[in-house]
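Please examine the chain shown below before reading further. The paragraphs that follow lead through it element by element.

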Amino acid sequence: MEIKCIAPQMPLRRFILCIYVVGFMDLFGVSMIIPLLSHHVKSLGATPTVAGIIGSVYGVLQLFSSTLVGSWSDVIGRRRSLLMCVTFSALGYGLLGVSSTLILYILARIPVGIFKHSLSICKALLSDLVSENERPLVIGHFNAVSSVGFILGPAVGGYLTELEGGFYISSFVCCSLFILNAGLVWILPWDDTGVAQSHFSNNKKNHRRDGAQPWTSNVENSLISTASIKTHFKPAWNEITSVLQKINIVLSSNLWDVFSVRFLMTLAVMLYYSNFALALEERFFLKQKMTGYLISYSSTIGAFAGFLVGPTTKLYHGNTYSMLLHSSILTCFLIFFYANAVAFWQVFLCATFFSISTTIGRTCITDLELRCGGTQASGTLIGAGQSIAALGRVVAPILSGFAQEFTPCGPPWLGAILALSAVMLMLFRIPQENESKKIKI
């Protein structure tokens, strides 16, 4: 894999902070638009069914494009892929700003659905730049900073909506933020001269010290064989072949146990949130305003929980397997507790710790995937993980609707069962760490 280096005149820490800014502006812009989409598509004359079908287009595109774009970033480099993703996302949100018909609206969602993977590429880039022990801390901080943007965005978008043509103004502001992001990525002092062999060798050495299993070695060795080729001079067909080769290596590996844990936990979390507002209204007669406050509170706790990943990792001596196992057990217990809550204070307590456990769990599952598969394929691995999560987001509404046919508590009950399944899978299918407290899968 080609790993882009940072020019020596810019300290690594400052470069990483710039990547944090990219993540913040990304989710800040996106969160301005997301709450307004359903109202806008309805104003264009779409029926609820048509609106649902159009909304699913984005999820389906994300499902199939996540792995492809992630692997593509391994082949052509982070800078080029990140620039392309941010630029085409800006194009999509710009088109959304002129979408006066349903056809234009659908066309605007296509480039966003295919190329809106800038956050995944940023995570892959961060994993390239830091050591294995520092990775959970850096990715946790990145998630936290990005989440702050997701908290602030809806407030700004709601304010702009009050203006005449508010949706279109919000879309153009979002487009402008992505253009600024593209400019920031462009001006960062990347070294485009070739492969950073020293960093590549260090990563390889670290993985050997960590006691990687033979199948993990096969993933790394297969990818190493193409890493020395400078993709600047590779024809397009060779790039496509390399992308497909990387995807095939990951798909044929034993990572599916880890991917299954991600899928089950994604379903569990989505089921917890699926009918959250409606269930609180039916069970506790809670007004929508109070529900909104609770969701905002949970999002804030989740954002700041990202800064707890570093101290928690130190507490666990870098053992992200145990962190993921314990956070999954806590998440399972909290979903079960929420499903059986009889008072609002219990829901409030669940929401507080649920935000913390899921934030830590998301960081740990990403780190576990990278530890198992090797950082030489970090883009492919993170992309595959995002595809698994996208599949969960497609399946969860169907399961939620089925569970709600029986009781408003059906979705969280089902979510608790799925979370318990993930815990059992980790206990019996994914062996624990070795004596040196390094993960060995």
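S146 lies in helix α6, helices here being DSSP runs of H or I with at least four residues, and strands runs of E with at least two, numbered from the N terminus. With a relative accessible area of 3%, S146 is buried; buried means under 20% relative accessible area, exposed over 50%, and partly exposed in between, using a 1.4 Å probe and protein chains only. Leaving aside neighbours within four places in sequence, S146 is in contact with G23, F24, L27 and L119, where contact means heavy atoms within 4.5 Å.

The model is a predicted one, in which local features need pLDDT of at least 70 and side-chain atom pairs count only at pLDDT 80 or more, while totals for chains, interfaces and linings use all residues. Residues are numbered from 1 along each chain as its sequence is written, and side-chain values use heavy atoms, with hydrogens and water left out.

Taken as a whole, the chain has 18 helices and two strands. Of its 441 residues, 55% are buried. Among the contacts in the chain with a separation of 6 or more, 84% are accounted for by residues 24 or more positions apart.

Helix α6, residues 135–161, also takes part in a pocket: together with α1, it gives two or more residues to the lining of the second largest pocket. A pocket is defined on a 1 Å grid over the protein atoms alone, as an open set of points where a 1.4 Å probe fits, with protein on both sides within 12 Å along at least five of seven lines; lining residues have an atom within 4 Å of a point. The volume of the second largest pocket is about 210 Å³, a volume being the space filled by probe spheres set on grid points that are joined across faces, edges and corners. Its lining consists of L12, R13, I16, L17, Y20, L129, V130, E134, L137, V138 and H141. The largest share of that lining, five residues, comes from α1. By character, the lining divides into eight nonpolar, one polar and two charged residues. In this division, Ala, Val, Leu, Ile, Met, Phe, Trp, Tyr, Cys and Pro count as nonpolar, Asp, Glu, Lys and Arg as charged, and the others, Gly among them, as polar.

Helix α1 is also found among the elements around α4. Helix α4 covers residues 102–115, has 14 residues and reaches 21 Å from its first C-alpha to its last, close to the 20 Å expected at 1.5 Å a residue; the expected span is 1.5 Å times one less than the number of residues. The buried residues of α4 are Y105, A108, R109, P111, V112, G113 and F115. What covers them includes α1 (12–43), α2 (48–76), α3 (78–96) and α5 (118–129). Two residues illustrate these surroundings. S65, found in helix α2, is buried at a relative accessible area of 8%, and apart from neighbours within four places in sequence, S65 is in contact with G113, I114 and H117. L91, in helix α3, is partly exposed at 43%; the C-alpha atoms of L91 and P111, 20 residues apart along the chain, are separated by 7.4 Å.

Further along the chain, N238 has its place in helix α10, residues 236–251. N238 counts as partly exposed, at 35% relative accessibility. Its C-alpha atom is separated by 9.7 Å from that of V75, although the two positions lie 163 residues apart in chain separation.

Two loop residues deserve attention for their backbone angles. Most residues other than glycine have a negative phi. F285, in the loop between α12 (276–284) and α13 (288–305), has a positive phi of about 55° although it is not a glycine. F285 is exposed, with a relative accessible area of 71%. H317 is placed in the loop between α14 (309–315) and α15 (320–339), and its phi is likewise positive, near 55°. H317 is exposed as well, at 57%.

The last element considered is helix α17, residues 378–404, which has 27 residues and reaches 38 Å from its first C-alpha to its last, close to the 39 Å expected. Helix α17 bends by about 30° at V395, and a proline, P397, follows within four residues; the bend is the angle between axes fitted to the seven residues ending at a position and the seven starting there. G385, also in α17, is buried at 0% relative accessibility. Setting aside neighbours within four places in sequence, G385 is in contact with F259, R262 and E369.
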